[in-house]
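Hi,

Here is the structure I promised to pass on. Have a look at it first, and then read on for what I found.

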Amino acid sequence: MFSSSANLQSIVSNFSLDHMMRYSLFVPRLYNLCRSLGFEAGNIMPSRAFCSDENQGFPIILITKHFGAFPFNHGRVGGIVATGRHGPHADHGKDMVIIQASHVGYDPETKAFGSYCRLQTSDNKSTSTCGKIDIVIQWYQDEYRFAQSNIYLGREGDLRTITIDNQLLDKRRTQGLFLNLDQMVLMEDGNLKLHRTLSTSRVYIASDELCRMLPDELWLVGERVAIGSHLMPEMFSYRRQVSADIEGQNHLENNFINPMPWIVTSPAPLLVAAQVNTQSEFDRVFRTIVKSPEYQDKKLLFISCLNIDISPQEGQVFPLTKCVPWAAYIQSGEGSSRTLEQPEIVKQLMQQSTENPDQIDLEAAIQQMIGAREVRIET
Ligand SMILES: [Zn+2]
């Protein structure tokens with residue numbers, strides 16, 4: 001593998017999907033974990049930072065049921081946390097819980113990640129989910145497709161060549177897909193070893209490393225073979241001019257731009273993108289919590305997860321959402337705090353009971369309000 005890419009690959013591959021749990025089991029476990037940490041029943045203010053997609057409603061209903069309070073809204077589209085809302089959240093309760101999650105659809109029929117069946121459409125159509133993430137990554141996918149079909153491998157006698165379209169070689173571009181040329185092409189005196197110049201492309205001698213990475217049968221004498229799916233994430237990066245505003249319009253895109261080669265080359269791009277966003281938001285947001293004066297002396301649990309929305313079947317009202325915990329930050333309110341990596345938070349949750357004696361009966365609570373004596377608003 002090319003040397004510069006090991007860290008990024010590690011970020012993507014270290015997220016394990018092995019410990020997913022149904023939301024109906026995750027929420028009582030989380031509640032009981034909070035109670036075991038000394039959080040006070042009836043005085044916990046939950047908060048969620050979920051995408052605006054209506055399929056995130058079922059998890060919100062379960063949080064309401066088990067925590068006995070409708071969760072504060074900390075979320076922006078795509079699962080970005082609005083950290084400017086820490087203050088009001090802290091003001092609304094004694095003990096604090098924040099649940100952040102990016103999400104991805106799952107179709108049990110096709111067993112594919114990234115789509116979700118919308119029962120409220122007239123033809124029950126499936127749409128990309130998370131749709132916001134899908135829109136953000138499309139430009140990068142288009143760039144990748146262009147590169148896949150405009151880089152060719154060839155062989156002239158013993159020489160292995162790589163032919164690259166001039167657009168991909170243009171260093172003056174301010175945005176686009178940029179190849180790791182100094183690792184893909186043989187270098188001579190610090191320059192790329194040019195073999196021949198064609199009308200719209202250049203033919204280079206392939207580096208030994210590239211020859212080792214790609215299968216022998218791709219290098220055919222007298223033929224040009226498009227690199228296609230063999231254009232691996234280690235071989236390129238992206239540049240794009242997007243505003244770097246934290247929590248601004250391009251925040252989601254900025255979370256993706258470095259690991260994007262792993263996202264576009266994955267068989268499930270929307271799954272990998274959602275994982276990356278969850279990881280990125282946890283790392284960013286826990287630092288804002290630590291610095292937030294409003295949270296300083298409070299018991300607090302912050303957890304980041306991936307929500308997998310399993311499309312509902314005909315007759316089901318809600319998705320069968322599963323939760324994959326990624327990491328958690330816990331502070332005691334008395335000065336101590338700790339961060340729990342994925343295996344630790346999963347272990348802590350799995351040790352908890354799924355029984356929650358404090359859960360509320362939502363139907364009864366609604367009936368109670370319907371039957372309550374009317375309060376006249378005086379103007
Ligand atoms: Zn979404």
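Of the 379 residues in the protein chain, 38% count as buried. Keep in mind as you read that this is a predicted model. The chain has 13 helices and 21 strands, and its C-alpha atoms fill a box of roughly 90 × 50 × 50 Å along the principal axes. If you look at contacts with a separation of 6 or more, 68% of them are between residues 24 or more positions apart.

On to the domains. The domain assignment splits off domain 1, made of 3-64 + 75-128 + 267-370, and domain 2, which is 140-239. Their centres, taken over C-alpha atoms, are 42 Å apart.

Now the core. The largest nonpolar core has 85 residues, and those with the most contacts inside it are Val104, Ile162, Ile263, Ala273 and Phe302. Helix H11 supplies the largest share of this core, ten residues. Both domains take part: the core draws at least three residues from each of domain 1 and domain 2. As background, nonpolar side chains tend to be buried together in soluble globular proteins.

Val104 is a good place to zoom in. Leaving out residues up to four places away in sequence, Val104 touches Phe113, Gly114, Thr129, Cys130, Leu270, Leu271, Ala274, Leu306 and Ile308. Two of those names, Thr129 and Cys130, come back for another reason: a cis peptide bond joins Thr129 and Cys130, with omega at about 5°. Cys130 sits in the loop between strand S9 (126-128) and helix H5.

That brings me to a helix pair worth opening in your viewer. How do H5 and H11 cross? The axes of H5 (residues 131-149) and H11 (residues 269-291) come within 10 Å, at a crossing angle of roughly 105°. An angle from 65 to 115 degrees counts as roughly perpendicular, so H5 is roughly perpendicular to H11. On the H5 side the contact is made by Ile133, Asp134 and Ile137, and on the H11 side by Pro269, Leu270, Ala273 and Ala274. By class, that gives six nonpolar, no polar and one charged residues. Ala273 is also among the core residues with the most contacts, and Leu270 and Ala274 are among the residues that Val104 touches.

Next, two loop residues with a backbone angle to check. Asn124 has a phi near 50°, a positive value in a residue other than glycine. Asn124 lies in the loop between strand S8 (115-117) and S9, and is exposed because just 12 other C-beta atoms lie within 10 Å, where 12 or fewer counts as exposed. Asp189 also has a positive phi, near 55°, and is again not a glycine. The loop holding Asp189 runs between strand S13 (187-188) and strand S14 (191-192). Is Asp189 buried or exposed? Asp189 is exposed, with 5 other C-beta atoms within 10 Å.

Last, Phe26, which is found in helix H2 (residues 23-36). Phe26 is buried, since 27 other C-beta atoms lie within 10 Å and 20 or more is the cut-off. Apart from neighbours within four places in sequence, Phe26 is in contact with Met21 and Cys323. Phe26 and Thr354 are 328 residues apart in sequence, yet their C-alpha atoms are 7.8 Å apart in space.

Over to you!

Notes:
Residues are numbered from 1 along each chain as its sequence is written. This is a predicted model: local features need pLDDT of at least 70, side-chain atom pairs count only at pLDDT 80 or more; totals for chains, interfaces and linings use all residues. Domain bounds come from an automatic or database domain assignment. Axes are lines fitted to C-alpha atoms, for helices over the stretch in contact, and angles run from 0 to 180 degrees between N-to-C directions. Helices (H or I, at least four residues) and strands (E, at least two) are DSSP runs, numbered from the N terminus. Angles under 35 degrees count as roughly parallel, over 145 as roughly antiparallel, 65 to 115 as roughly perpendicular and the rest as oblique. Two residues are in contact if their C-beta atoms, placed from the backbone, lie within 7 Å. Ala, Val, Leu, Ile, Met, Phe, Trp, Tyr, Cys and Pro count as nonpolar, Asp, Glu, Lys and Arg as charged, and the others, Gly among them, as polar. A nonpolar core is a set of buried Ala, Val, Leu, Ile, Met, Phe, Trp, Tyr and Cys residues joined through C-beta atoms within 7 Å.
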